[in-house]
Amino acid sequence: MWEAERHIVAILAAMIAMDHGCQAALIAPSEILCEQHLQNVKKWEELLGFKAVCLLGKHPKKQKLETIEKISSGEVQFIIGTHALLEETVTFSNLGLVVIDEQHRFGVRQKEKIRGKAKKPDVMIMSATPIPRSLGLTLFGDLDISIMNEMPKGRKPITTYLMREKQRSEVYQRVSKTVEAGQQVFIVYPLVETSEHIEAKDAVSMTQELQKTFPKFKIGLIHGQMKGVEKEALMVDFKKGDIQILVSTTVIEVGIDIPNATLMIIEHPERFGLAQLHQLRGRVGRGSLQSTCILIAPSSVSQTAYERLKSFSNIYDGFQLAEEDLRIRGPGDFFGVAQSGLPTFSTTQLPRDLDIMEQMRIEALRVLEEDPHLKNPEHQNIAWVIQHIWREKLHLPNIA
């Protein structure tokens, strides 16, 4: 689901909740993304008769306390925030809808914590690329799913290339041509600074190297260890075009909208998951210009990792990528906190056995409808399994 579409869907869902006298909370992983959501919501606030507020970690203590009071009293109906919404001091007057944007950036316990701030809220999770566990839950029927796979009008698919370290000079030639054409470039690294334990290029030292390689271009550096005001100032300069090449870590993964940025270079792509790579790739291609993403794989990358990256370069659809990620990494523990890996038991292989899974889901719903307490003799085995194997994980009472 594209970001513009997610903004609209979130607002429409929140309006339904607010029309029924409930509050709606939208949690997003970055302050930039939260502020974008707030800007969109504010356009409708006066017209539709609700009040919106944003709670961020960077806000002064006094402002935070005032905002938390408005949330708990019910003075505001649409609440947007980062992980700050998870703090114990944040309580809601009547929370009816929870929207989790970029849901792959939140852990299972964090998702449960925001849900736990209401008795039984409706929950909507949104992402351009579902993680394996979320996709697995949709297959099991625990999540309903809507797919919005049309590109916004005027956008073009991003061309993706997988290249080796020995082709670096070709990549740098592409950087020069892009900047000389008046467009901008992202270069992403997995590390902020050099690590003794990880053999990979880092953003800080490579910024110095790149400045030597491209002395005529203005190069900026942004990463998560910088203060919020520094990051905001850099992004303003980049958006204005004062910076031609922005060196970054994954801090730019979400919430960055620079239509003039048309080239994304990702160093050490083997260190990122498919969902994360797709999010990074989505930072370009946001205007009408043709955009490109280049993955630079080191010479030491394994054949398995190289094949995974090759499949990524050939797949642009986020949902198809999620299926590939599911096949490679496994769906995780549906009743635990692991978001990838093999579940506690496995009777099928996902997504290969989708047809079988659908039949199982239909059969399970039939059993629940006909014998909800599993009293019939033919269902006693199911009752035993739930009681002795799954009761603790599912937090179920003893079956009499």
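The exercises below work through a sheet, its helices, ring pairs, salt bridges and two backbone angles in a predicted model.

The model is predicted: local features need pLDDT of at least 70, side-chain atom pairs count only at pLDDT 80 or more, and totals for chains, interfaces and linings use all residues. Residues are numbered from 1 along each chain as its sequence is written, and side-chain values use heavy atoms, with hydrogens and water left out.

**Exercise 1. The sheet**

Task: Give the order of the 6 strands in the open sheet and find which strands stand at the edges.

Solution:
1. Fix the terms. Helices (H or I, at least four residues) and strands (E, at least two) are DSSP runs, numbered from the N terminus. Two strands pair if DSSP finds at least two bridges between them.
2. Read the order: E6-E11-E10-E7-E9-E8, with parallel pairing.
3. Find the edges. E6 (159-164) and E8 (219-222) each have a single partner strand, so one side of each lacks a neighbour in the sheet.
4. Add the twist. Neighbouring strands are turned by 20° against each other on average, direction ignored. Axes are lines fitted to C-alpha atoms, for helices over the stretch in contact; angles run from 0 to 180 degrees between N-to-C directions.
5. Take one pair. E10 (residues 261-267) and E11 (residues 292-297) run parallel over 5 bridges. Within this pair, Ile265 stands opposite Ile294 in E11.

**Exercise 2. Helices on the sheet**

Task: Which strands do helices H8 and H9 touch?

Solution:
1. Set the cut-off: contact means heavy atoms within 4.5 Å.
2. Helix H8 (residues 228-240) packs on the sheet and touches E7 (184-188), E8, E9 (245-248) and E10. The direction of H8 makes about 145° with that of E8.
3. Helix H9 (residues 274-281) packs on the sheet too, touching E6, E7, E10 and E11. The direction of H9 makes about 150° with that of E10.

**Exercise 3. Rings**

Task: Classify the ring pair of Phe214 and Phe217.

Solution:
1. State the criterion. Rings of Phe, Tyr and Trp (its six-membered ring) pair if their centres lie within 6.5 Å; planes under 30 degrees apart count as stacked, over 60 as edge-to-face and the rest as tilted.
2. Note the total: the structure holds 4 aromatic pairs.
3. Apply the criterion. The centres of Phe214 and Phe217 are 5.8 Å apart and the planes lie at 20°, so the pair is stacked.
4. Check burial (buried is under 20% relative accessible area, exposed over 50%, partly exposed in between; 1.4 Å probe, protein chains only). Phe214 is buried at 4%. Phe217 is buried at 13%.
5. Extend the pair: ring pairs link Tyr172, Phe214 and Phe217 into a cluster.
6. Look at a charge over a ring (NZ of Lys or CZ of Arg within 6 Å of the ring centre and within 35 degrees of the ring normal). The charged end of Arg164 sits over the ring of Tyr306, 4.0 Å from its centre.

**Exercise 4. Salt bridges**

Task: Which parts of the chain does the pair of Glu35 and Lys58 tie together?

Solution:
1. Define the bridge: a side-chain nitrogen of Lys or Arg within 4 Å of a carboxyl oxygen of Asp or Glu. The structure holds 12 of these salt bridges.
2. Glu35 and Lys58 form one, with the closest N and O atoms 2.8 Å apart.
3. Place the partners. Glu35 is in helix H2 (residues 31-48) and Lys58 is in the loop between E2 (52-55) and H3 (61-73), so the pair ties together parts 23 residues apart in sequence.
4. Check accessibility. Glu35 is partly exposed at 24%. Lys58 is partly exposed at 35%.
5. Turn to helix H12 (residues 354-370), where Arg366 and Glu363 lie 3 residues apart, about one turn of the helix. Their side chains form a salt bridge at 2.4 Å, N to O. Arg366 is partly exposed at 33%, and Glu363 is partly exposed at 38%.
6. Finish with a network: salt bridges that share partners join Glu165, Arg168, Lys201 and Glu267. Glu165 and Arg168 meet at 2.8 Å, N to O. Glu165 is partly exposed at 28%, whereas Arg168 is buried at 10%.

**Exercise 5. Positive phi**

Task: Where do His268 and Leu374 lie?

Solution:
1. Recall the background: most residues other than glycine have a negative phi.
2. His268 has a positive phi of about 50°. His268 lies in the loop between E10 and H9 and is buried, at 7%.
3. Leu374 has a positive phi of about 55°. Leu374 lies in the loop between H12 and H13 (380-394) and is buried, at 10%.
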